[in-house]
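Please look over the structure below before reading the notes. They are meant to be checked against the coordinates, point by point.

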Amino acid sequence: MKFEDVKKIGVLGGGVMGGGIAQVLAIAGYDVVVRDLTDEINEQTRDAVFESKWGMKRAVEVGKLEFDKCYEAMQRVSFTTDLNDLADADMVIEAVPEKLELKQQVFAELDEVVKPEAIFVSNTSGFVIEEIAQDVLESRKQLFGGMHFFNPVPVMKACEVIYTPHTSQDTIDAVRGVAEKAGKAVSMVKDMPGTYGFIVNRIYAAARREADKLVEDGIATQEDIDKAMITGRNWPVGFYAGRGGIGKQW
Ligand SMILES: NC(=O)c1ccc[n+]([C@@H]2O[C@H](COP(=O)([O-])OP(=O)(O)OC[C@H]3O[C@@H](n4cnc5c(N)ncnc54)[C@H](O)[C@@H]3O)[C@@H](O)[C@H]2O)c1
């Protein structure tokens, strides 16, 4: 599957991430089908995509999206509880909860239903992609990768694209191309057994561990750590006070 052949994208799991992913892909021009477990959940996702703080209608209100583009994008998103509606998808992005066994199981199910040339992508926050892909057919492994979006997806520009030793160059180009078409700044990440997390979460976790150690050892207070990082490194936020928090007073 080449980048230019990707037209229809299935999103498995329409929660916090799946809804945002569906939204940015529909705005980018893709036909998107979101599959979740119940009609009620699908209604909530529909509301998030169209009506929420980060949704399409609000984007029009604040001048970030043209009305016509919003209208067209809304026509391109549909919701289903039936896995078979993903059968002819060119790419499926999985965004079910962060449980390795669940991800392995849903990809094994998808493998039986979705056409053999379709690309499979996981939005895991950090599991090893090869482990997630362990139960799909060997032929699908070259079509398998990771795509780590950040929350809220319509706002956060980063997207980590993860490739395994089996991921083909066409698949890498297609996944990267789709992310870039959706306006994302892509960083490439090599899948690495024995790790959890890609670039952003690993570096954040390491810095956070160090910050907590400074507090634990009585070297600095939480507030002084936030103040030092915000004013000394130009971080937009610290570790301990939320966005728009104590940084404002400096
Ligand atoms: N929330 C974040 O900030 C964030 C950021 C980056 C990555 N992620 C990753 O994205 C993934 C999803 O996280 P989330 O926060 O959106 O979770 P969520 O709980 O908001 O949404 C998960 C959705 O998957 C659905 N689901 C469960 N089993 C399913 C199945 N078999 N078929 C279809 N749908 C199914 C659930 O009903 C739910 O709506 C996780 O792997 C998470 O680690 C989350």
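The points below go through the domains, the ligand shell, one helix, the core and some loop residues.

1. Status and layout. This is a predicted model. The chain is divided into domain 1, residues 3-190, and domain 2, residues 200-244. The C-alpha centres of domain 1 and domain 2 are 32 Å apart.

2. Ligand shell. The ligand is surrounded by 22 residues, of which Gly-13, Gly-15, Met-17, Glu-98 and Asn-151 are the closest. By class, the shell holds 11 nonpolar, 8 polar and 3 charged residues. Helix α1, residues 16-27, supplies the largest share of the shell, with 3 residues.

3. Geometry of α1. The 12 residues of α1 reach 17 Å from the first C-alpha to the last, close to the 16 Å expected at 1.5 Å a residue. After α1 comes Gly-29, which has a positive phi, near 110°.

4. Burial of α1. Helix α1 is mostly covered, with 11 of its 12 residues buried. Among the buried residues of α1 are Met-17, Ile-21, Val-24, Leu-25 and Ile-27, and the glycines Gly-18, Gly-19 and Gly-20 are buried as well. Met-17 also belongs to the closest residues around the ligand.

5. Nonpolar core. The largest nonpolar core has 57 residues, and Ile-21, Val-32, Met-91 and Val-92 have the most contacts inside it. Helix α1 gives the most to this core, with 7 residues. In soluble globular proteins, nonpolar side chains tend to be buried together. Beyond its neighbours within four places in sequence, Val-32 is in contact with Ala-22, Leu-25 and Ala-26, and these three are buried residues of α1. The other contacts of Val-32 beyond that sequence range are Ile-9, Val-11, Arg-76 and Val-77.

6. Leu-86. Is this loop residue, Leu-86, buried or exposed? Leu-86 lies between β3 (77-80) and β4 (91-94), and it is buried because 24 other C-beta atoms lie within 10 Å, where 20 or more suffice. Leaving aside neighbours within four places in sequence, Leu-86 is in contact with Gly-10, Val-33, Arg-35, Val-92, Leu-110, Val-113 and Val-114. One of these contacts, Val-92, is among the core residues with the most contacts. Leu-110 is 24 residues from Leu-86 along the chain, with the two C-alpha atoms separated by 8.2 Å.

7. Trp-54. The loop between α2 (39-51) and α3 (56-61) holds Trp-54. Trp-54 has 17 other C-beta atoms within 10 Å and is therefore partly exposed. Outside four places in sequence, Trp-54 is in contact with Gly-20, Pro-152, Pro-154 and Val-155; Gly-20 is a buried residue of α1. The C-alpha atoms of Trp-54 and Leu-25 are separated by 14 Å, at 29 residues apart along the chain.

8. Gly-194 and α9. Gly-194 is in the loop between β8 (185-190) and α9. Only 5 other C-beta atoms lie within 10 Å of Gly-194, so this residue is exposed. Gly-194 and Glu-94 are 100 residues apart along the chain, and their C-alpha atoms are separated by 22 Å. Helix α9, residues 200-216, has 17 residues and should span 24 Å at 1.5 Å a residue; its end C-alpha atoms are 24 Å apart, which agrees. Gly-218 follows α9 and has a positive phi, near 70°.

Terms used:
Residues are numbered from 1 along each chain as its sequence is written. This is a predicted model: local features need pLDDT of at least 70, side-chain atom pairs count only at pLDDT 80 or more; totals for chains, interfaces and linings use all residues. Domain bounds come from an automatic or database domain assignment. A residue is near a molecule or strand if its C-beta atom, placed from the backbone, lies within 6 Å of it. Helices (H or I, at least four residues) and strands (E, at least two) are DSSP runs, numbered from the N terminus. Ala, Val, Leu, Ile, Met, Phe, Trp, Tyr, Cys and Pro count as nonpolar, Asp, Glu, Lys and Arg as charged, and the others, Gly among them, as polar. The expected span of a helix is 1.5 Å times one less than its number of residues. Two residues are in contact if their C-beta atoms, placed from the backbone, lie within 7 Å. A nonpolar core is a set of buried Ala, Val, Leu, Ile, Met, Phe, Trp, Tyr and Cys residues joined through C-beta atoms within 7 Å.
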